[in-house]
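Visitor: I am new to reading protein structures, and I would like to learn how to go from a picture to careful statements. Could we take a few features in turn?

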Amino acid sequence: MGIGKSELIKIKKEMKNIIKLLIVIAVANIILASCKKDYIIGGKLESTTTNLTTYDYLKNNRFKMFDTLLMLVDKAGIKDVINQQGITFYAPTDFSIDNYLEKRSKEAQVKNPYAAYTIDSLIKYDLGGFADSIKMYIIPKPITYASLTSNGVVLNTAMSGVQAVVSYEQTTDPNLGYNPVVNYIPQVEYYSLVIGPLPSPVVSVKLSDSVAVRTLCQTTGLTTATGQLNVLNNGHTLYFKP
């Protein structure tokens, strides 16, 4: 039995709809792929240099991931601190600040269920602390992949008496780019703020929570007009709050 004219028209319409859907999916995938070029967990920037200063590069981020951070930088008057020549800045994103505000709110709500610690609270009461604590995110010299090891290098931060362990480690996590069918094993950078006595020898991956707050970098290896810039992952909490 042959297909009737009405059924044939119906099939053609369905095929057109399927083709349109496939085109939409393809375009969406292209857009998604392009969005991932700048910020990939554990990844590197495709373009590793910029003529912008560190501050201006963060300000011009197309995903607006640093607007709150830079507002605090401006209010604290420390733009020059993150724009110092020759430093490496491990920048926290706005998500890190939100994580901190949420944590402080929950701590306050133990005594007062209606308490809220907001960005206005930070500006009013803790701006001086922010200006000082941002130095924990700064290593006062350029950090390159060649200068790092998988176990980690112990470095002084710009905050007096505070150290960090910076490591460049291989990963077999599929979420960080590992693929078992490819011989290449990707590497990711960790920034671990030291909060307790370091063991000897130092092995970054084995550092306990009582020794260091280990934080994955989501973007690394950018050279700005003023220094090096890496970005900590969005799960990080400002001030390395555990």
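Visitor: With which side chain does the side chain of Thr 93 make a polar contact?

Guide: Please keep in mind that this is a predicted model. In it, the side chain of Thr 93 makes a polar contact with the side chain of Asn 234, at 3.0 Å. Thr 93 itself sits in the loop between β2 (87-91) and α5 (94-108).

Visitor: Is Thr 93 buried or exposed, and how should I read the value?

Guide: A residue counts as buried when its relative accessible area is under 20%. Thr 93 has a relative accessible area of 0%, and therefore it is buried. If we leave aside neighbours within four places in sequence, Thr 93 is in contact with Met 65, Phe 66, Gln 218, Val 231, Leu 232 and Asn 234, and the last of these names is also the partner in the polar contact.

Visitor: How does Lys 103 read by the same kind of value?

Guide: The class between buried and exposed runs from 20% to 50%. Lys 103, which lies in helix α5, has a relative accessibility of 27% and so counts as partly exposed. Apart from neighbours within four places in sequence, Lys 103 is in contact with Lys 241 and Pro 242. The C-alpha atoms of Lys 103 and Tyr 117 are separated by 8.6 Å, and these two residues are 14 residues apart along the chain.

Visitor: How is a pair of aromatic rings described?

Guide: One gives the distance of the centres and the angle of the planes. A search of the whole structure finds 6 aromatic pairs. One of them joins Tyr 137 and Phe 240, which are stacked, with 4.8 Å from centre to centre and 25° between the planes.

Visitor: Why does this pair tie together parts that are 103 residues apart in sequence?

Guide: The reason is where the partners lie: Tyr 137 is in the loop between α7 (127-133) and β3 (138-139), whereas Phe 240 is in the segment after β8 (227-232), so the pair links parts that are 103 residues apart in sequence. Tyr 137 is buried, with a relative accessible area of 0%, and Phe 240 also counts as buried, at 4%. Both rings belong to one aromatic cluster, formed by Tyr 90, Tyr 137, Tyr 191 and Phe 240.

Visitor: Which residues make a nonpolar surface patch?

Guide: Val 181, Val 182 and Tyr 184 make a nonpolar surface patch of about 320 Å². Of these residues, Tyr 184 has its place in the loop between β5 (163-170) and β6 (187-194).

Definitions and conventions:
Residues numbered from 1 in each chain as written. Predicted model: local features only at pLDDT ≥ 70, side-chain atom pairs only at ≥ 80, totals over all residues. Heavy atoms only, no water. Patch = residues over 30% accessible without salt bridge, like charges linked within 9 Å, V, L, I, M, F, W, Y side chains within 5 Å. Areas by Shrake-Rupley, 256 points an atom, 1.4 Å probe, with all protein chains shown as cover. Salt bridge = Lys/Arg side-chain N within 4 Å of Asp/Glu carboxyl O. Helix = DSSP H or I, 4+ residues; strand = E, 2+ residues; numbered from the N terminus. Buried < 20%, exposed > 50% of the residue type's maximum accessible area, 1.4 Å probe, protein only. Polar contact = N/O pair within 3.5 Å; in protein donor to acceptor, adjacent residues only side chain to side chain. Contact = heavy atoms within 4.5 Å. Phe/Tyr/Trp six-rings, centres within 6.5 Å; stacked < 30°, edge-to-face > 60°.
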